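This report describes one protein chain for a reader who is new to structural work. Please keep the sequence and the structure in view while reading.

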Amino acid sequence: MLRAVTFDFWNTLFADARGREREVLRASILRDHLRASGLEATERAIHDSLRASWDYFDTVWLREHRTPPCSELVGAILASVGATLPPPAFGELVSRFERLVIELPPEPMPGAVYAMPQLAERYRLAVICDTGYSPGSVLRELLENHGLLAHFDYTYFSNEHGMSKPDTRVFVHTLEELGVRPTEAAHVGDIQRTDIAGAQSAGMAAVHFIGVNNADADRSTADVMVRHFDELPQALGGLTCAGC
């Protein structure tokens, strides 16, 4: 019997249409912090340094199955422009980058706010999120701002544990916190490599959510695919009937 459901964060619980805005603001903040320390960088250098930080993130994420914390990403940015900042300025820059997602927040996926109380009555719920610039402490704040946090029995954010999806230890640890076996759980997410394959490798069922990101739909190995949150109760019920 299905007893627990875990959810990816980005493009599953939250739809983000403000990533470009945050990147523009990130460039402006970086420029201001460099100038405050007597350093100048061209617009091109700043753009390239931000791009370099995402390339660095992807390399670490893919090869090491962990996500670099914001401080590590800021270090990559400064290395790209050949700059160093004194510790107080560095810490301030990291903090500002971490909280940009609060200043320019994403929106909950349509239907998610209404679906969670219903799902929480039937299942133990958890978040399993690979973090980027914003750490778990900030993303929990975002969940709380929309009344979602209370519905989750556990929240796993990769920056707090040194492991990211698809490492099976991420899923196993979360299920141990929920007190359920992998065969009693399903994971809902949008990426085949991390969410679907990762959950299935841990022995869980997998629900491929394609409401925002359907790039992996053609090669998905998920047990079921859904486009809207109002489809989830029936999809999860079908997994229960299938004996997962």
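## The second largest pocket

The second largest pocket has a volume of about 160 Å³. The structure discussed here is a predicted model. The residues that line this second largest pocket are R20, E23, V24, A27, R31, E43, I46, H47, L50, R51 and W54. Two elements, helix 1 and helix 2, give two or more residues to the lining.

Which helix provides the largest share of the lining of the second largest pocket? Helix 2 does, with six residues. By class, the lining of the second largest pocket consists of five nonpolar residues, one polar residue and five charged residues.

## The largest pocket

In general, rolling a probe the size of a water molecule over the atoms shows where empty space is left. The largest pocket holds about 730 Å³ of space. Its lining is made up of 28 residues, and those nearest the centre of the pocket are W10, D16, W54, F57 and G132. W54 also appears in the lining of the second largest pocket.

At least two lining residues of the largest pocket come from each of helix 1, helix 2, helix 5 (100-103) and helix 9. Helix 2 gives the most, namely five residues. The lining of the largest pocket divides into 11 nonpolar, six polar and 11 charged residues.

## The chain as a whole

The protein chain contains 10 helices and eight strands. The radius of gyration is 19 Å, close to the 18 Å that the globule rule gives for 244 residues, so the chain is as compact as a globular protein of that length. Taken along the principal axes, the C-alpha atoms fill a box of roughly 65 × 35 × 35 Å.

Buried residues account for 48% of the 244 residues in the chain. Among the contacts with a separation of 6 or more, 68% are between residues 24 or more positions apart.

## Two nonpolar cores

The largest nonpolar core has 34 residues, and the members that touch the most other members are F7, F229 and L236. Two or more residues of this core are given by each of strand 1 (4-7), helix 6 (112-122), strand 4 (124-129), helix 7 (136-145), strand 6, strand 7 and helix 10 (232-241). A second core, separate from this one, has 21 residues, including I46, C70, F97 and Y133. I46 is also one of the residues that line the second largest pocket.

## Helix 9 and its surroundings

Which residues of helix 9 (residues 192-201) are buried? They are Q192, T194, D195, I196, G198 and A199. The buried residues of helix 9 are covered by elements that include helix 2 (43-64), helix 8 (168-178), strand 6 (185-189) and strand 7 (205-209). After helix 9 comes G203, which has a positive phi near 95 degrees.

## Residues distant in sequence

L239 belongs to helix 10. Is L239 buried or exposed? L239 has a relative accessible area of 7%, and it is counted as buried because this value is under 20%. Although L239 and L2 are 237 residues apart along the chain, their C-alpha atoms are separated by 7.3 Å.

A17 is located in the loop between strand 2 (14-15) and helix 1. With a relative accessible area of 72%, A17 is exposed, because the cut-off for an exposed residue is over 50%. A17 and E107 lie 90 residues apart in sequence, yet the distance from C-alpha to C-alpha is 8.1 Å.

## Unusual backbone geometry

Most residues other than glycine have a negative phi, and most peptide bonds are trans. N11 is not a glycine, but its phi is positive, at about 65 degrees. N11 is in the loop between strand 1 and strand 2, and it is partly exposed, with a relative accessible area of 23%. H65, likewise not a glycine, has a positive phi of about 55 degrees. H65 is in the loop between helix 2 and helix 3 (70-81), and its relative accessibility of 27% makes it partly exposed.

The peptide bond from K165 to P166 is cis, with omega near 10 degrees. P166 is placed in the loop between strand 5 (154-157) and helix 8.

Terms used
Residues numbered from 1 in each chain as written. Predicted model: local features only at pLDDT ≥ 70, side-chain atom pairs only at ≥ 80, totals over all residues. Heavy atoms only, no water. Buried < 20%, exposed > 50% of the residue type's maximum accessible area, 1.4 Å probe, protein only. Helix = DSSP H or I, 4+ residues; strand = E, 2+ residues; numbered from the N terminus. Contact = heavy atoms within 4.5 Å. Core = buried A, V, L, I, M, F, W, Y, C linked by side-chain atoms within 4.5 Å. 1 Å grid on protein atoms, 1.4 Å probe; cavity = no way out; pocket = protein on both sides within 12 Å on 5 of 7 lines; lining within 4 Å. Points joined across faces, edges and corners; volume = space filled by probe spheres on them. Nonpolar A, V, L, I, M, F, W, Y, C, P; charged D, E, K, R; others polar. Rg over C-alpha atoms; globule rule 2.2 N^0.38 Å.
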